[in-house]
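Q: Here is a protein model to look through. Can we go over the terms used for it, one by one?

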Amino acid sequence: MSRLLFGLVTACTVLAGLAATGASGSSTAARPAPAFPVTVTAANGKVTVSRAPRRIVSLSATATESLFAIGAGSQVVAVDDQSDYPRNAPKTTLSGFTPNVEAIVAYRPDLVVVSYDPKGLVDALGRLAIPVIHHNGAATLPGAYQQIRQLGLVTGKREGAAKVVAGMKARIAKIVASTRVKANGLSVYHELTPDLYSATSNTFIGRAYAMLGLRNIADAADRAGTGYPQLSAEYVVSASPDLIVLADSVCCGQKPSTVVARPGWGTIAAVKTGSIVRIDDSVASRWGPRLVDFFRAVSRAVTRLRA
């Protein structure tokens, strides 16, 4: 009986193998679709990339970070003058704000990535048959993840992009989960410039604070609904935020000592407890892979404050 059972199992296995491979012995299993051509929908509409690009020009500091993170760095031949990360990115004098089409074309790009479209740049490059991916500033985390995935698609680095997004999601979720309870009841002031421009919860960076459970003092001051109100010193002192985050440390030399020296700011809760955090301007203003660093820095500040 045991031999009969063994024979039946073996026969079934052989038949299953034949069904999978076909009579000729070649596999008929579903094969992955070819990576190219690929079409994505960006801010400039549908864009088709016919083959894996070998000469990418990035005029977006955020896109530059993402391209290198997903493994497409070797395909990047030039980045704009604001792309300061990673350090090995091929930084040039190209500008994403005042672009020179001839200077861009001189790099013979087969793909250009931009975060702005000044002077009809996208159309100008399109007339030269150069595909352009236009990614506006992301409004939400899902939007940021989608842009990274798109860069993966158009560069042939889908798996790399998926890995980056999955890692970001996992790390940020873990940070948020460990911070929200600690942050309950705490307020934050996010400083964009020394003349006290800030960001509300309706902005990308403001939503990050909301996710972490912090109350943003700029929300009540944004009567015009711009998302970026200019606060007065009196307002900030009166609101007395528990945490101050300086996103103007690189551009404008702001640091805890300069904040402490501001007239009247000594009464602010964050100043009293030393809860003033310097975050690299680029980390606080971009929506790429280093967002994890931003969440981590704010979380650590909250933890220190509660301790």
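A: Yes. The model is predicted. Start with a pair of helices. Helix 6 and helix 13, residues 291–306, pack with their axes 10 Å apart and at an angle of about 20 degrees.

Q: Why are helix 6 and helix 13 called roughly parallel?
A: Angles under 35 degrees count as roughly parallel. The angle here is about 20 degrees, so helix 6 is roughly parallel to helix 13.

Q: Which hand does the crossing of helix 6 and helix 13 have?
A: That crossing is left-handed.

Q: How do you know that helix 6 meets helix 13, and which residues do so?
A: Contact means heavy atoms within 4.5 Å. In helix 6, Met-168, Arg-171, Ile-172, Ile-175, Val-176, Ser-178, Thr-179, Lys-182 and Ala-183 take part. Their partners in helix 13 are Leu-291, Val-292, Phe-295, Arg-296, Ser-299, Val-302, Thr-303 and Arg-306. By class, this contact has nine nonpolar, four polar and four charged residues.

Q: What makes helix 5 and helix 6 roughly antiparallel?
A: Helix 5 (residues 141–155) and helix 6 (residues 158–183) pack at about 160 degrees, and their axes are 7 Å apart. Angles over 145 degrees count as roughly antiparallel, so helix 5 gets that name relative to helix 6. Helix 5 passes helix 6 in a right-handed crossing.

Q: Which residues of helix 5 and helix 6 meet?
A: Helix 5 brings Leu-141, Tyr-145, Ile-148, Arg-149, Gly-152 and Leu-153. Helix 6 answers with Arg-158, Ala-161, Val-164, Val-165, Met-168, Lys-169 and Ile-172. Nine residues of this contact are nonpolar, one is polar and three are charged.

Q: Why are helix 7 and helix 13 called oblique?
A: Their axes come within 11 Å and cross at roughly 45 degrees. Roughly parallel needs an angle under 35 degrees, and roughly perpendicular needs 65 to 115. The angle of roughly 45 degrees fits neither, so helix 7 and helix 13 are oblique to each other. Their crossing is right-handed.

Q: Which classes of residue make up the contact of helix 7 with helix 13?
A: Phe-204, Ile-205, Ala-208, Tyr-209 and Met-211 in helix 7 meet Leu-291, Phe-294, Phe-295 and Val-298 in helix 13. This contact has nine nonpolar residues, no polar and no charged.

Q: What makes a space a pocket, and how much space lies in the largest pocket?
A: A pocket is an open set of points with protein on both sides within 12 Å along at least five of seven lines. The largest pocket holds about 850 Å³ of space. Its lining has 33 residues, and Tyr-116, Asp-281, Ser-285, Arg-286 and Trp-287 lie nearest its centre.

Q: Which elements give two or more residues to the lining of the largest pocket?
A: They are helix 2 (61–69), helix 7 (204–211) and helix 12 (281–285). Helix 12 gives the most, with four residues. By class, the lining divides into 14 nonpolar, 12 polar and seven charged residues.

Q: What makes a space a cavity, and how many of 30 Å³ or more are found?
A: In a cavity a 1.4 Å probe fits but cannot get out. The search finds two cavities of 30 Å³ or more. The largest cavity has a volume of about 70 Å³. The second largest has about 30 Å³.

Q: Which residues line the largest cavity?
A: Among them are Ser-60, His-135, Gln-147, Ile-148 and Trp-287. Helix 5 supplies the largest share, four residues. Five lining residues are nonpolar, six are polar and none is charged.

Q: Which residues line the second largest cavity?
A: Glu-65, Ser-282, Val-283, Arg-286, Trp-287, Gly-288, Arg-290 and Leu-291 do. By class, three are nonpolar, two polar and three charged.

Q: How do you know which peptide bond is cis at Pro-37?
A: Look at omega. Omega is about 0 degrees for the cis bond that joins Phe-36 and Pro-37. Pro-37 lies in the loop between helix 1 (2–21) and strand 1 (38–42). The bond from Tyr-85 to Pro-86 is cis too, with omega near -5 degrees. Most peptide bonds are trans.

Q: What makes the phi of Leu-196 worth a mention?
A: Most residues other than glycine have a negative phi. Leu-196 is not a glycine, yet its phi is positive, about 70 degrees. Leu-196 is found in the loop between strand 7 (187–191) and helix 7.

Conventions
Residues are numbered from 1 along each chain as its sequence is written. This is a predicted model: local features need pLDDT of at least 70, side-chain atom pairs count only at pLDDT 80 or more; totals for chains, interfaces and linings use all residues. Side-chain values use heavy atoms; hydrogens and water are left out. Axes are lines fitted to C-alpha atoms, for helices over the stretch in contact, and angles run from 0 to 180 degrees between N-to-C directions. A crossing is left-handed if the near helix is turned anticlockwise from the far one by less than a right angle, and right-handed if clockwise. Ala, Val, Leu, Ile, Met, Phe, Trp, Tyr, Cys and Pro count as nonpolar, Asp, Glu, Lys and Arg as charged, and the others, Gly among them, as polar. On a 1 Å grid over the protein atoms alone, a cavity is a set of points where a 1.4 Å probe fits but cannot get out, and a pocket is an open set with protein on both sides within 12 Å along at least five of seven lines; lining residues have an atom within 4 Å of a point. Grid points are joined across faces, edges and corners, and a volume is the space filled by probe spheres set on the points.
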